[in-house]
Every structure is written in structure tokens, then in C-alpha cells.
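Work through these exercises with the model open beside you. Try each task before reading its solution.

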Amino acid sequence: QVHLVESGGGLVQPGGSLRLTCVASGNTKSIYTMGWYRQAPGKQRELVAGFDFGGLRSYADSVKGRFTISRDNAKNTMYLQMNNLKPEDTAVYYCNVEATLRQYWGQGTQVTVSS
């Protein structure tokens, strides 16, 4: 079992920045992929950024150049630095990991970009 807790969401003006944090606990040694997803009202959940099994980063086209995913393995923590935020980035952001052939999700953190 892996337990995920996100934090760092909030209300920010367009052009602003936020950093999301995801802390993993439990059987963290079994994790082989990690990522951030988001879901806006009325839309499907989508992958924003992630690490594959080899540790390579990938980003959705809509966030390339603005968002940066990183992790601290010693702290079992993953981050999402979000810069130049736009209203269309408004969504609930979820931390996701794959471990032991299962997907685990955090509870989500709301990000609202509005003036």
C-alpha cells in the first residue's frame, strides 16, 4: 500500500506561481512511476507531468515551459512547480503513483487561477 498526500494548492492570479507537493508513505520502494494529473469541472482527468520507470520526465503540451516536475527520493516527495499560471490551469490536481501493479491517488488539491 502507498499513501499520498498533496498540498500547496490555492488561489492565484494569472501569471502567478504555485508549488504543489506530494508526500508518499507506506511501501514506497515498490513505486516505479510517479506523476501529476488534473481534472477540471466537466472534463476528464489528464496527465500534466510525470516520471517514467527510467526517471525520464514528460509534460503535457499545454504546460511545457511553464511547469516543472521534480522529486526528492530521500524524502519520498514529488513537486510540481507551476509558473505563469493561466485560468485554464484551474483544476483539482492529483498525485499519482504506480506500484505493485496498482495505481494510487492522493486526495487532490484545488488550484484556482483567477483575477
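**Exercise 1. State what share of the protein chain is buried, and describe its overall dimensions.**

Solution. Start with burial. This is a predicted model, and 43% of the 115 residues in its protein chain are buried. Next, take the radius of gyration. The protein chain has 13 Å, and a compact globule of 115 residues would be near 13 Å, so the two agree. Then take the box. Along the principal axes, the C-alpha atoms fill roughly 40 × 25 × 25 Å. Finish with the surface. About 6,300 Å² is exposed, and carbon and sulfur atoms supply 49% of that area.

**Exercise 2. Work out the secondary structure and say how far along the sequence the contacts reach.**

Solution. Count the elements. There are zero helices and 11 strands. Read along the sequence, the pattern is β-β-β-β-β-β-β-β-β-β-β. Now turn to contacts with a separation of 6 or more. Of these, 53% join residues 24 or more positions apart.

**Exercise 3. Count the charged side chains, then find the salt bridges.**

Solution. Begin with the charges. The protein chain carries 12 positive and 8 negative side chains. The centres of the two sets lie 4 Å apart. A search of the whole structure gives four salt bridges. Here are three pairs to locate:

- Arg38 and Glu46 meet at 2.7 Å, N to O.
- Lys64 and Asp61 meet at 3.1 Å, N to O.
- Asp89 and Arg66 have their closest N and O atoms 2.7 Å apart.

The Asp89 and Arg66 pair links distant parts of the chain, 23 residues apart. Asp89 sits in the loop between strand E8 (77-82) and strand E9 (91-99). Arg66 sits in the loop between strand E6 (57-59) and strand E7 (67-72).

**Exercise 4. Sort the salt-bridge residues as buried, partly exposed or exposed, and say which of them form a network.**

Solution. Apply the cut-offs: buried is under 20% relative accessible area, and exposed is over 50%. Asp89 has 1%, so Asp89 is buried. Arg66 has 9%, so Arg66 is buried too. Arg38, at 6%, is also buried. Its partner Glu46 has 34%, so Glu46 is partly exposed. Lys64 and Asp61 are both exposed. Now connect the pairs. Arg38, Glu46, Arg66 and Asp89 are linked in a network of salt bridges.

**Exercise 5. Place Ser30 in the chain and list its contacts beyond its sequence neighbours.**

Solution. Locate the loop first. Ser30 lies between strand E3 (18-26) and strand E4 (31-39). Check its cover. Ser30 has 17% relative accessibility, so Ser30 counts as buried. Then leave aside neighbours within four places in sequence. Ser30 is in contact with Val2, Glu98, Ala99 and Thr100.

**Exercise 6. Examine phi at Asn84 and Leu101, then give the setting of each residue.**

Solution. Recall the background. Most residues other than glycine have a negative phi. Now read the two values. Phi of Asn84 is near 50°, a positive value. Leu101 has a positive phi of about 65° and is not a glycine. Next, find the loops. Asn84 lies between E8 and E9. Leu101 lies between E9 and strand E10 (102-105). Last, check exposure. Asn84 has 40% relative accessibility, so Asn84 counts as partly exposed. Leu101 has a relative accessible area of 81%, so Leu101 is exposed.

Technical notes
Residues numbered from 1 in each chain as written. Predicted model: local features only at pLDDT ≥ 70, side-chain atom pairs only at ≥ 80, totals over all residues. Heavy atoms only, no water. Helix = DSSP H or I, 4+ residues; strand = E, 2+ residues; numbered from the N terminus. Rg over C-alpha atoms; globule rule 2.2 N^0.38 Å. Buried < 20%, exposed > 50% of the residue type's maximum accessible area, 1.4 Å probe, protein only. Contact = heavy atoms within 4.5 Å. Areas by Shrake-Rupley, 256 points an atom, 1.4 Å probe, with all protein chains shown as cover. Lys, Arg positive; Asp, Glu negative; His and termini not counted. Charge placed at Lys NZ, Arg CZ, Asp CG, Glu CD.
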